[in-house]
Amino acid sequence: MKRKEQEQPKVAKSRIPTFKTIEEEAAFWDSHSSEEFADELTPVEHVKFVPAPSKKALTVRFDEEAFEELSREAREKGIGPSTLARMLILEHLRARRRAS
């Protein structure tokens, strides 16, 4: 007698999409509530928060036009202007390191 394939319980596909970037995910959660997906979430226990390494802050001043342009581009990406400025500065520094 042939052994039947073991029946696996069918797992429903998640309604939460797979994201390509953190910006894409941030934009999704900005327009959705986790309550919409409560049936897909699993409670966790014993969560341990690890302190983030300390970082330095930097104030950068822009004229109104440059600030508006930065803000507009940041909105298009679904992030804040400070985050975009940080990304651009780090990208520039990495490119300079590679060029050296």
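Here is a friendly chat between a visitor and a guide about this predicted model.

Visitor: How many helices and how many strands does the protein chain have?
Guide: Happy to start there! Read along the sequence, the pattern of the protein chain is α-α-α. Every α in that pattern stands for a helix, and the count for the chain is three helices and zero strands.

Visitor: Which helix has the highest confidence?
Guide: Let's begin with the chain, whose mean pLDDT is 89, with 89% of its residues at 70 or more. Among the helices, confidence is lowest in helix 1, at a mean of 92. The highest mean is 96, and it belongs to helix 2.

Visitor: What percentage of the residues count as buried?
Guide: A residue is called buried when its relative accessible area is under 20%. The protein chain has 100 residues. The part of them that counts as buried is 10%.

Visitor: How many salt bridges are there in the whole structure?
Guide: One salt bridge brings together the side chains of arginine 15 and aspartate 39, at 3.3 Å from N to O. Another is formed by glutamate 40 with arginine 15, where the closest N and O atoms are 3.1 Å apart. A search of the whole structure gives a total of two.

Visitor: Which residues are joined into one network by salt bridges that share partners?
Guide: Glutamate 40 forms a salt bridge with arginine 15. That pair links distant parts of the chain, 25 residues apart, with glutamate 40 in the loop between helix 1 and helix 2 and arginine 15 in the segment before helix 1. Arginine 15 also meets aspartate 39 in a salt bridge. Sharing partners in this way, the network is made of Arg15, Asp39 and Glu40.

Visitor: Is aspartate 39 buried or exposed?
Guide: To be called exposed, a residue needs a relative accessible area over 50%. For comparison, arginine 15 has 43% and is partly exposed, and glutamate 40, at 25%, is partly exposed too. Aspartate 39 has 61%, so it is exposed.

Visitor: Which residues form the positive surface patch?
Guide: Let's look at one member, arginine 97, which sits in helix 3 (residues 81-99). Arginine 97 counts as exposed because its relative accessibility is 58%. The whole positive patch is formed by Lys55, Arg86, Arg94, Arg97 and Arg98.

Visitor: And which residues gather in the patch of negative charge?
Guide: A good place to begin is aspartate 63, in the loop between helix 1 (22-30) and helix 2 (64-77). Aspartate 63 belongs to this surface patch. The full list is Asp63, Glu64, Glu65, Glu68, Glu69, Glu73 and Glu76.

Visitor: How much accessible area does the nonpolar patch on the surface have together?
Guide: The patch is formed by Leu58, Val60, Phe62, Phe67, Ile89 and Leu93. One of them, leucine 58, lies in the loop between helix 1 and helix 2. Leucine 58 has a relative accessible area of 69%, so it counts as exposed. Together, the accessible area of the patch is about 560 Å².

Visitor: Which residue has a positive phi although it is not a glycine?
Guide: Look in the loop between helix 1 and helix 2 to find this residue. Its relative accessibility is 77%, so it counts as exposed. Its phi is about 60 degrees, and its name is histidine 46.

Visitor: How far apart in space are glycine 80 and leucine 70?
Guide: Glycine 80 is in the loop between helix 2 and helix 3. At 30% relative accessibility, glycine 80 counts as partly exposed. In sequence, glycine 80 and leucine 70 are ten residues apart. In space, from C-alpha to C-alpha, the distance is 9.1 Å.

Notes. Residues numbered from 1 in each chain as written. Predicted model: local features only at pLDDT ≥ 70, side-chain atom pairs only at ≥ 80, totals over all residues. Heavy atoms only, no water. Patch = residues over 30% accessible without salt bridge, like charges linked within 9 Å, V, L, I, M, F, W, Y side chains within 5 Å. Areas by Shrake-Rupley, 256 points an atom, 1.4 Å probe, with all protein chains shown as cover. Salt bridge = Lys/Arg side-chain N within 4 Å of Asp/Glu carboxyl O. Lys, Arg positive; Asp, Glu negative; His and termini not counted. Charge placed at Lys NZ, Arg CZ, Asp CG, Glu CD. Helix = DSSP H or I, 4+ residues; strand = E, 2+ residues; numbered from the N terminus. pLDDT = per-residue confidence, 0-100. Buried < 20%, exposed > 50% of the residue type's maximum accessible area, 1.4 Å probe, protein only.
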